[in-house]
Amino acid sequence: MSRRAIAYLMLLAAGLAAPFFIYPVLVMKVLCFALFACAFNLLLGYTGLLSFGHAAFFGAAAYVAGHAIKVWGLPTELGLLAGTIAAGALGWAVGSLAIRRTGIYFAMVTLALAQMIYFFFLEASFTGGEDGLQGVPRGALLGFIDLSNDLNLYYFVLAIFVFAFWLIYRTIHSPFGQILKAIRENEPRAISLGYDVAKYKLLAFVLSAALAGLAGATKMLVFKFATLTDAHWHLSGEVVLMTILGGMGTVFGPLVGSSVIVVLQNELADKVGSLVTVIMGSIFVICVLLFRRGIVGEIIAFYKRMLGQKA
Amino acid sequence: MKRKLLNIAIAAALIPAAGNVMAQAKAVKLSDNMVKIGVLTDMSGVYSDLGGQGSVTAAQMAVEDYIAQAKPKFKIEVVYADHQNKADVGSNKVREWYDTQGVDMVTDVLNSGVAIAVAKVTQEKNRIMINTGAASTRLTNEDCTPNTVHYVYDTYALANGPGKAVTKAGGDTWFFLTADYAFGASLEKDTSDAVKANGGKVLGSVRHPLNASDFSSFLLQAQASKAKVVGLANAGGDTVNSIKAANEFGLTKSQRLVGLLTTIVDIHALGLPTTQGMMFTEGFYWNLNDETRAWSRKFFTKHKKMPSMLHAGTYSAVTTYLKAVQAAGTDDAATVMKKMRDTPVSDFFAKNGKLREDGRMVHDMYLVEVKKPAESKEPWDYYHIKAVIPGNDAYQPMALSRCPLVKK
């Protein structure tokens, strides 16, 4: 077994054991945001597209899944699927408009479209406006595993996360992923090599949006509600922060970054009072100034330096 | 030798304490020998002046005062958290409080989205939420639970009060400036209904986007309507901006502004020159009588600001809850809720307040008019009380309730 495989197995074991040591609902929340950040990283870290509207997909899937389960009475699995597909479809619509531009213009187009989606949710009657879509039943998995039990739900969420993480990992290490990286490094060169760059970008965007949607729908299931916070541009900013803090373009960066942010948000909530936002801001500033590669990025760089010295 | 003496002294001191513990086990049966109260509020965002640290201070004051007066034999602790206006942070924190820290009651919980989420968790875990912060009537209608108390105010009371009283006092033609989403629309509808029921006329309304920065065209329409009263069916920054703009356009010289969700925090921020003459409903005013002044001055020494209705309400809610626990002899949610329903609230905050079946705590509301700068005698002296609206008139009648718990 390679060293890498052992590392993954150890992580999986930690994931399986976590709810016995840490409050499971918090770990589930970390997993949902980690998935969200991983999906975002696929776009920012590997394709070089900075989308500033990813919360729209996260929120849209949460609302669609919530509505499907609560009002249409769909089973939980199909509800999550409906949310994911809705986010993917929305991603296709937003993506096909946005990828016509690059850089800051791309970010602005995604932000503008995401704001439109946000205001749609604010006005639409099925979302409950600022009161939110509340009281969505968690239901039962396959009809017999009761998900209202936090521990059952935890393993379901963990399974979703592992599946999505594997999917992202496979994507990054596939020929498709290689082309995405080529686009990130030098787009004109990728075009000159005969790749239909726009198509690849769009596909990456849709995939990222759908996975962000899966994260949003799963989070909705954990908390049993979807609110406007899920679609607000603050969240689009937060996911950028998580990815950069953890290390963009690394496999584990988003996982680490989102854990740090979510746990801090939760733990600081009842300890420092009004200083939460100041502390979060300082962390971001320190991260950008001192370790630009992010936590995982710096560790990898350090590890490589050590190897280099030995050789 | 000295140490030995000290040990003896400590042991001697502990004996009566141990006796106390035994006595307490008989008197009040608690799940974990402690009553724990959680204050969940916005400490860093837009509502932090309205609730925030002030609510925590009020809850702590309530506990200290209760311990000093009633000398209960159980321990009471206050914990607090900043939900950052995120429903998931709030709901997660409360869930954790219930599951791992044995919190019995949460209070404040402003922000309607957070409040409804917390109401669901509270019902699931069978604890109590005494909400003193959120405005939505959904808490006592569609989303009512046997574990929710809505204590201080709601949008119905804020809209209905001025709609009725201002119309009766001669302000019988209205124009609305409404924030364009569900919340604004419901404020406008509740007020319009009250205006029409009292013989007034609604001349029109204009919708403005949420968080609008430029109100000039909306205000010109309001001015052109020649309505005597302009109702502001919006909240927070939108209210503040529309009041400022109304002043700049000279609208306040010929028409009266009525806020439908305005509090002393907004008036303090904007100042009397800008807000003079405005009317709106409040659930509490510090300068009402000797009792409110005495409490509020005490609060002021700790918080350096006069209390909002949320702060006073949180103090009153915590006290009411502790009394009910003492009287019921348990912290079991259903028993304590029943005790609170059976016992009218009577303190500086509410006289003869009554907790209804749907969770609404019904108490008198106050229609206030903002003083002219010359009339204000001291800092924070802001209001003329124009009318006291009896609780039964102020709040949504039970007959209209959409709460499934209400038997009809």
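Just after helix α2 of chain A, the residue A:G48 takes a positive phi of about 75°, and this spot is a convenient place to begin a walk through what is a predicted model. Stepping back from A:G48 into the helix itself, one finds that α2(A) has 24 residues and reaches 33 Å from its first C-alpha to its last, which is close to the 34 Å expected at 1.5 Å a residue. The helix nevertheless bends by about 35° at A:N41. As for its surroundings, α2(A) is mostly covered, since 24 of its 24 residues are buried.

The covered helix leads on to the interior of the model. In soluble globular proteins, nonpolar side chains tend to be buried together. In this model the largest nonpolar core has 219 residues, and B:Y153, B:Y321, B:L322 and B:M340 are those with the most contacts inside it. Helix α2 of chain A, residues 24-47, gives the most to this core, with 19 residues. To see what such a position looks like in detail, the reader can turn to B:M340, which touches B:I128, B:I130, B:V149, B:T320, B:Y321, B:A324 and B:L355 when residues up to four places away in sequence are not counted.

From packed side chains we can turn to the empty spaces. The model holds six cavities of 30 Å³ or more, and the largest cavity has a volume of about 50 Å³. Its lining draws on both chains, with A:K29, A:F33, A:K219, A:T229, A:D230, A:L235, A:E238 and A:Q265 from chain A, together with B:K86 and B:D88 from chain B. The elements that give two or more residues to this lining are α2 and α10 (233-246) of chain A, so that the helix from the opening paragraph appears here once more.

A pocket, unlike a cavity, is open, and the second largest pocket of the model contains about 840 Å³ of space. This pocket is lined by 24 residues, and A:R4, A:F252, A:V296, A:I300 and A:Y303 lie nearest its centre. Two or more lining residues come from each of α1 (3-17), α6 (150-172) and α13 (294-310) of chain A, and the largest share, six residues, comes from α13(A).

Some single residues of chain B complete the picture. B:T178 lies in strand β6 of chain B, which covers residues 173-179. Is B:T178 buried or exposed? Because its relative accessibility is 0%, and buried means under 20%, B:T178 counts as buried. Leaving aside neighbours within four places in sequence, B:T178 is in contact with B:G184, B:A185, B:E188, B:S205, B:V206, B:R207, B:H208 and B:A233.

Two further residues bring us back to the positive phi with which we began. B:N126 has a positive phi of about 55° although it is not a glycine, and B:N126 lies in the loop between α4 (112-125) and β4 (128-131) of chain B. With a relative accessible area of 38%, B:N126 is partly exposed. B:K226, which is not a glycine either, has a positive phi of about 60°, and its place is in the loop between α7 (216-224) and β8 (229-233) of chain B. B:K226 counts as exposed because its relative accessibility is 67%, and exposed means over 50%.

Methods:
Residues numbered from 1 in each chain as written. Chains lettered and ligands numbered in written order. Predicted model: local features only at pLDDT ≥ 70, side-chain atom pairs only at ≥ 80, totals over all residues. Heavy atoms only, no water. Core = buried A, V, L, I, M, F, W, Y, C linked by side-chain atoms within 4.5 Å. Buried < 20%, exposed > 50% of the residue type's maximum accessible area, 1.4 Å probe, protein only. Helix = DSSP H or I, 4+ residues; strand = E, 2+ residues; numbered from the N terminus. Contact = heavy atoms within 4.5 Å. Expected span 1.5 Å × (residues − 1). Bend = angle between axes of the 7 residues up to and from the residue. 1 Å grid on protein atoms, 1.4 Å probe; cavity = no way out; pocket = protein on both sides within 12 Å on 5 of 7 lines; lining within 4 Å. Points joined across faces, edges and corners; volume = space filled by probe spheres on them.
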